[in-house]
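Open the model in your viewer and keep the selection panel at hand. We will go from one strand outward to the chain contacts.

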Amino acid sequence: MKTLQKLGQIDSRVIYALLILALLIPLMRPLGLPISIGKHTQRTFGVLDTLQAGDKVIMDIGYSVSGAADVQPQTIAVLKHLFGKGVRIIFVGNQTEGPMVIESLVKPYEAAGKKYGVDFCNLGYLAGGENAIASYCRDLKKSYPVDFRKNQTSSLPILDGVNGAKDVKMFVFFTTQNSDMYVRQITQYKIPIVGGLINTISPQAEPYVNAGQLAGILVGLRGGAEYEMLMKAPGVGVASMDAQSMGHLLIIAFIIFANISYLATRRAGAKGDKGGAK
Amino acid sequence: MFVAGRVAGLVTVLAAFAFVLLGLSFARKRPMRMRPIPGLLAVEEAVGRATEMGKPIFYSPGYADVAGTTAPPTLAGLNLLAHVGRLAARYNTRLVVTVGHANTYALATEILRNSYIVEGKVDQFDIGNIYFTSDVQFAYTAATVGLIQREKPATVFLTGYFAAEAIVLAEAAAATQSLSISGTTNYFQIPFFMAACDYTMIGEEFLAAGAFISNNPDLIGSVAGQDYVKILGILALLLGAVMKSFGNNVIFDLLKR
Amino acid sequence: MKRILPVAISAVVGLILLVDYFLKVPALKQTATEIQDWGLIVAAFALALAAVNLLLIHGKRIAKKDRQSIHSFILIAALLVTTFSGIFIGTRSGVFDFIFRSVFTPLAAVFYAMTAFHLASASYRAFRAKNLQAVALLLAGVLLMLGRAPIGEVIWKGFPKIADWITNVVNLAGSRGILISTAVGTVGAGLRILAGIDRSHLGSGTE
């Protein structure tokens, strides 16, 4: 009985050490668990697939580097899709690190022949959060007179005829914050809005998807993995899924231990059920 | 005249304004009671715990600004800070505060100074106990976790705007065996606070903290007005659900206008 | 005047933006746009203000030889190195790129990654079947974890469907309720600020 009670008093450091192993081992030796494609990813892929070569989209990289682990696999997969179709992308950053993240994302495409100013451009970061989104959607060139690479935006061929959100085919955003501000500011321009979100905030975006205000969403690391599968280009997302599976199983195992301990303690009539980790 | 798609929103906002003003007028005529909020009832106990243990109180209203969408929870956090500051001054307990934005720092400093002045303990006020960490989310988190681990407070207040750092801060508090009281309107983080903290104020409970503590009739009246709006919302929801179930889309179409 | 002017400015600006959002008033459109542009400028200055404030406050800590001053020293050193390399060498230079990619990015990612470990220990501590609500929380957590990871679908094909139902029905209902009440609370807080009843944003309490 005492052994069962001790199951509820495992040191946090043991939990952390086991979790590291549970995450690390599948990354080094993948299990190859099958990944089915969810309805959100399927829908989003379908929406983005309607874009044609030469179409212009605004892509807002609204995540900080801290959240990149969750959202960047989606971004990379979507970029592969859009650049592969010849879509022209106007990047903007809603976080201070946004422009730097954009530069790292476009580097391989630029090396492969995509031309800055023609196939894509990086307008940089505009302070102000939702206010910034409203501003550049209303008047892109006024909000960004100069881009991140210090070019005059009026001189960029990709921005010919693009004065704001109404002049592009689609708005795509990737964020670790909420999707409300994008829906609030962009719906009025009547263009499809597609978003990549972290797991935690995706339930908040569901009503917008149901209402048609968001054309599609990608949810967390799994969304990125599913998109990679649809693109037939498995990457970091797919590689991380096995680790996620093992991590979840480990946490469930600890929850079971904790409850066995709790029930054993209650049965033994011990006072207090606060046998927490130290 | 009206922007398409926003008429329902306008009507809702006007109704909210009207009901809040109604609540204000009722509250000024006769006293209104608020239901007890466990997290707020525990504040005095929490400060007392720190005083008895001879350890500091740790407070953070989050890393966000007092402007924009993060303003209401940050301001609510600062309101509660004023109250906790007064208690800390009264019981001569050290209060350590971290904020993550320059504007919030300026307000927190002034609010705390006022709290100490009101208690007649202005000489005890030490601006060195208020830390302005970076406004970068995880830099703020790192600084706050470090401070909690070094200061080993008896009580930790995490009441304001928090995002992904919520669980990290709450666990840092738990690791030092502190009593933790949390409150935020960011409902993605509420489950994490519920799991890791001793007391959690959910959404509007936290926004109503100022009214509950101050017992100010105007604030209580506005909270009452908000409740009237919610009752109206519930009625519309129920009516809409029943009507939609019978194939009638009137409410549904009205809300889309 | 010191008390009335900030409240008056808040009220006027707030009302202009509200009216512009809901109504088509051409006369106000230009003013509202201008105010929003000022908001962008203020936000940009707030960034600069944050940096200046950091220097001042942490500089004072170093001068006072505060017990936390070593951390302040490291903060200021990092701030100055990053700022000068970005301004004088360039944000696309090797130095700035190195700082961003090899220092800032891993440090930021580490703290986000820590949430996973803290979640594990919090779940271990909190998910105990003490009462009916705790059992519901525990079951929902376990089912969602199984439903979202590929391993769950391998164990039983029903787990993703259950996870979807919990997310789209139970969670959505609860989160909508909280969202609505928080939105109403925010409108109430906004009204109190616009009307000057609550002046906590000005550093003082309520009227």
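Select strand E6 of chain A, residues 216-219. This is a predicted model. From the strand, Gly216(A) and Leu218(A) point one way. Ile217(A) and Val219(A) point the other way. All four of these residues are buried.

Now add strand E5 of chain A, residues 193-197. E5(A) and E6(A) are parallel partners, joined by four bridges. Show Val194(A) and look across to E6(A): Gly216(A) stands opposite. Next, trace the chain between these strands. From E5(A) it passes through helix H9, residues 202-211 of chain A, and arrives at E6(A). Which hand does this β-α-β crossover have? It is right-handed.

Select helix H10 of chain A, residues 220-230. H10(A) lies across E5(A) and E6(A). Its direction makes about 110° with E6(A).

**The whole sheet of chain A**

Show every strand of this sheet. It is open, has six strands, and its pairing is parallel. In what order do the strands come? Read across the sheet: E3-E2-E1-E4-E5-E6 of chain A. Strand E3 (120-125) and E6 of chain A stand at the edges. Each has a single partner strand, so one side of each has no neighbour in the sheet. On average, neighbouring strands are turned by 15° against each other, direction ignored.

Move to strand E1 (residues 56-62) and strand E4 (residues 170-175) of chain A. Six bridges link them in the parallel sense. Pick Val57(A); opposite it in E4(A) stands Met170(A).

Then colour chain A by domain. The assignment gives domain 1 as 39-234 and domain 2 as 240-270. How many Å separate their centres in chain A? Taken over C-alpha atoms, the separation is 40 Å.

**Across to chain B**

Hide chain A and show chain B. Chain B has 11 helices and six strands. Its C-alpha atoms fill a box of roughly 65 × 40 × 35 Å along the principal axes. Of its 257 residues, 56% are buried. Consider its contacts between residues at least 6 apart in sequence: 70% of them join residues at least 24 apart.

Colour chain B by domain too. Domain 1 comes in two segments, 7-33 and 222-256. Domain 2 covers 38-207. The centres of these domains of chain B are 33 Å apart, taken over C-alpha atoms.

Select the strands of chain B. Six of them form an open sheet with parallel pairing, in the order E3-E2-E1-E4-E5-E6. Which strands of chain B lie at the edges? They are strand E3 (130-132) and strand E6 (199-202), each paired on one side only. The average turn between neighbouring strands here is 10°, direction ignored.

Zoom in on strand E4 (residues 155-161) and strand E5 (residues 179-184) of chain B. They run parallel and are joined by five bridges. One pair to label: Thr159(B) has Gly183(B) in E5(B) as its bridge partner.

Add helix H3 of chain B, residues 71-90. H3(B) packs on the sheet and touches E1, strand E2 (95-99), E4 and E5 of chain B. Its direction makes about 160° with that of E1(B). Then add helix H2 of chain B, residues 38-53. H2(B) lies across strand E1 (57-62), E4, E5 and E6 of chain B. It runs at about 145° to E5(B).

**Chain C and its contacts**

Bring in chain C beside chain B. Here 43 residues of chain C are in contact with 54 residues of chain B. On the chain C side, the elements that give two or more residues are helix H1 (4-22), helix H2 (26-64), helix H4 (94-126) and helix H7 (158-195). Which of them gives the most? H7(C) does, with 14 residues. By class, this side of chain C has 23 nonpolar, 16 polar and four charged residues.

Finally, show chain A again with chain C. This contact takes 44 residues from chain A and 43 residues from chain C. Several helices of chain A give two or more residues to it, among them helix H2 (12-28), helix H4 (68-85) and H9. H11(A) supplies the largest share of the chain A side, 13 residues. Colour that side by class: 25 nonpolar, 15 polar and four charged residues.

Terms used
Residues numbered from 1 in each chain as written. Chains lettered and ligands numbered in written order. Predicted model: local features only at pLDDT ≥ 70, side-chain atom pairs only at ≥ 80, totals over all residues. Contact = placed C-beta atoms within 7 Å. Nonpolar A, V, L, I, M, F, W, Y, C, P; charged D, E, K, R; others polar. Domains from an automatic or database assignment. Buried ≥ 20, exposed ≤ 12 C-beta atoms within 10 Å, placed from the backbone. Pairing = 2+ DSSP bridges. Axes fitted to C-alpha atoms, helices over the stretch in contact; angles between N-to-C directions. Right-handed = clockwise from strand over helix to strand, strands pointing away.
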